[in-house]
Amino acid sequence: MTKHIIMKRISFYTFGCRLNQSETASIQNAFEHSGYKLVGFDQPSDIVVINTCTVTEGGDADTRHLVHKVNRQNPAARIALVGCQAQIQKEQLSNLPNVRWIVGNGRKMDLVSVFNEYPKPETAQLVMPSIEREPFSVQIASIDHDHTRANIKIQDGCDFFCSFCEIPYARGRARSRVFEDIFKEATALVAAGHKELILTGINIGTYSYQDKTLMDVIKAMNALEGLERVRISSIEPTTIARDIFTYMSAGHKLCRYLHIPLQSGDDEILQEMKRKYTVDEFSDFVRQAQVQVPQICIGTDVIVGFPGETDAHFERTTELLRELPIHYFHVFSYSPRHMAKSRLMETLPVEMIQWRSQILRDLSQRKRRLFQESLLGTIQTVLFENPKGDGWQNGLTDHYVRVKIKDSRNLFNEILPVRFKSIDGQVVVGELVT
Ligand code: SF4
């Protein structure tokens, strides 16, 4: 008689940043290697893992809503909440229905063992060890068969303690991944078919392992056979080595793309935020990037409504963003975070924050459009993604411009030259150059 082994079904949901996405991919692969069956988030499963984020108040509420949704759609599932919000708000989360594990960042990557240690908790089991400062390795590669690009974690934590941010409390102090371990994962990701790798972390410019820096990681990626593109995720302005631009030129693999958080365009507010640069320093860097790397795409983050932000402060931020060669911004409406120093400061009226945020979001849209228009008529290489079945093929350039072409073939994971013809909403329409 054939014995049927019933595999436990597990599904995942990720909130927040690229680093969280990279970590979820590794954790998922670890469960698959351990005999669990991965299922889609909307399918019935025995265990649901939610990798949480606590960067905004909205993110906190999203977790609670999702837990209630899982309980409605999948009432038999047991839920694990892991990551940043789990770390900071363990008590508040532990009363949510069917939550059986709350796992902080110190054990999140080791979730398979956590489940082996606590297989069937009746109530929320808190697993919250202190977070080590030592260099780390990642056991399982973050291979992601659904996407052409893969995120690769090189660093975690932060020592900067900006006054609005609780990341140093949620993720601990800065630490870097063992250099050889990054290279090992990168080789596995390329062997699995990934043509673009995105170096991720919390404060990747502070990467430091023995005598190696971020530039050494970039050089190693540049030399990795089979890899076509390497991209750096968000990087703090004061941590970028100037020779980075050399690796964004022809014959090198580093994408012509930088995401550098500005947060405010006013020196007084920057000081209150405990940021480590002035408006002039930031502006000089951005202008230099534009000169040294023609067509570079530069994005930024900006926080609107930080305590004490007057109309004049806000206007200076708006003016700066209008003037600088910055091509899009992620706008965050300020909300006080549980552990951040600025939570003790008086907040501005919500309506004012929303109104100012909208002004910057509109400006960002116009600037993105101007950047796209500046590329019309040029030929750019596009890495194509999974087709949606609507006859259009979608992909991204190295400077992160989304492009679509009409083509019925499946071009998934191919890098091809495309001539930019027109713009449709947020997307450039092009045609293949044959
Ligand atoms: S640099 Fe500042 S904003 Fe970024 S993670 Fe560190 S403390 Fe938070």
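The exercises below, each with a worked solution, concern a predicted model of a protein.

**Exercise 1. Overall dimensions**

Decide whether the radius of gyration of the protein agrees or disagrees with that of a compact globule, and describe the extent of the chain.

Solution. Begin with the reference value: for 434 residues, a compact globule would have a radius of gyration near 22 Å, and because the protein has 22 Å, the two agree. Next, take the extent along the principal axes, where the C-alpha atoms fill a box of roughly 70 × 60 × 45 Å. Then turn to burial, for which 40% of the 434 residues count as buried. Finally, consider how the contacts are distributed along the sequence: among those between residues at least 6 apart, 73% join residues at least 24 apart. The secondary structure of the protein comprises twelve helices and 21 strands.

**Exercise 2. The nonpolar cores**

Identify which residues have the most contacts inside the largest nonpolar core, and find which strand gives the largest share of this core.

Solution. The largest nonpolar core has 74 residues, and those with the most contacts inside it are Ile 152, Leu 197, Leu 199, Val 217, Ile 296, Ile 298 and Val 304. Sorting this core by element, one finds that strand β15 (residues 297-304) provides the largest share, namely five residues. A second core, separate from this one, has 23 residues and includes Leu 81, Leu 93, Val 99 and Ile 102. To look at one residue of the largest core in detail, take Ile 152: once its neighbours within four places in sequence are left aside, its contacts include Leu 197 and Leu 199, and also Ile 182, Ala 186 and Leu 189. Polar and charged residues also appear among the contacts of Ile 152, including Ser 22, Ser 142, Glu 185 and Thr 200.

**Exercise 3. The boundary between domain 1 and domain 2**

Work out which element gives the most to the side of domain 1 that touches domain 2, and how the residues of that side divide by class.

Solution. First set the bounds: domain 1 covers 9-127, domain 2 covers 132-255 and domain 3 covers 379-432. The centres of domain 1 and domain 2, taken over C-alpha atoms, are separated by 25 Å. Across the boundary, 16 residues of domain 1 are in contact with 20 residues of domain 2. On the domain 1 side, α1 (18-33) and α3 (84-88) each supply at least two residues, and α1 gives the most, with ten. By class, the residues on this side of domain 1 divide into six nonpolar, eight polar and two charged.

**Exercise 4. The shell around the ligand**

List the residues that surround the ligand and sort them by class.

Solution. The ligand is surrounded by Cys 158, Phe 160, Phe 161, Cys 162, Cys 165, Ile 167, Pro 168, Ile 202, Asn 203 and Glu 236. Sorting this shell gives eight nonpolar residues, one polar and one charged.

**Exercise 5. Two methionines and an arginine**

Classify Met 7, Met 248 and Arg 9 as buried, exposed or partly exposed.

Solution. Met 7 lies in the segment before β1 (9-14); its count of other C-beta atoms within 10 Å is 11, so Met 7 is exposed, the limit for that class being 12 or fewer. Beyond residues up to four places away in sequence, Met 7 touches Gly 35, Tyr 36 and Lys 37. Met 248, in the loop between β13 (229-232) and β14 (257-259), has 22 such atoms and is therefore buried, since the threshold is 20 or more. With the same sequence neighbours left aside, Met 248 is in contact with Leu 254, Arg 256, Val 293 and Ile 296. Arg 9, in strand β1, has 16 such atoms and so is partly exposed. Arg 9 touches Lys 37, Val 39, Ser 45 and Asp 46, again not counting residues up to four places away in sequence.

**Exercise 6. Positive phi outside glycine**

Determine where Gln 295 and Tyr 400 are found, and state the phi of Gln 295 and of Tyr 400.

Solution. Gln 295 is found in the loop between α10 (279-292) and β15, and although it is not a glycine, Gln 295 has a positive phi of about 70 degrees. Tyr 400 is placed in the loop between β18 (392-397) and β19 (402-406), and this residue, also not a glycine, has a positive phi of about 70 degrees. For burial, Gln 295 has 16 other C-beta atoms within 10 Å and is partly exposed, while Tyr 400 has 17 and is partly exposed.

Terms used: Residues numbered from 1 in each chain as written. Predicted model: local features only at pLDDT ≥ 70, side-chain atom pairs only at ≥ 80, totals over all residues. Core = buried A, V, L, I, M, F, W, Y, C linked by C-beta atoms within 7 Å. Helix = DSSP H or I, 4+ residues; strand = E, 2+ residues; numbered from the N terminus. Contact = placed C-beta atoms within 7 Å. Near = placed C-beta within 6 Å. Nonpolar A, V, L, I, M, F, W, Y, C, P; charged D, E, K, R; others polar. Domains from an automatic or database assignment. Rg over C-alpha atoms; globule rule 2.2 N^0.38 Å.
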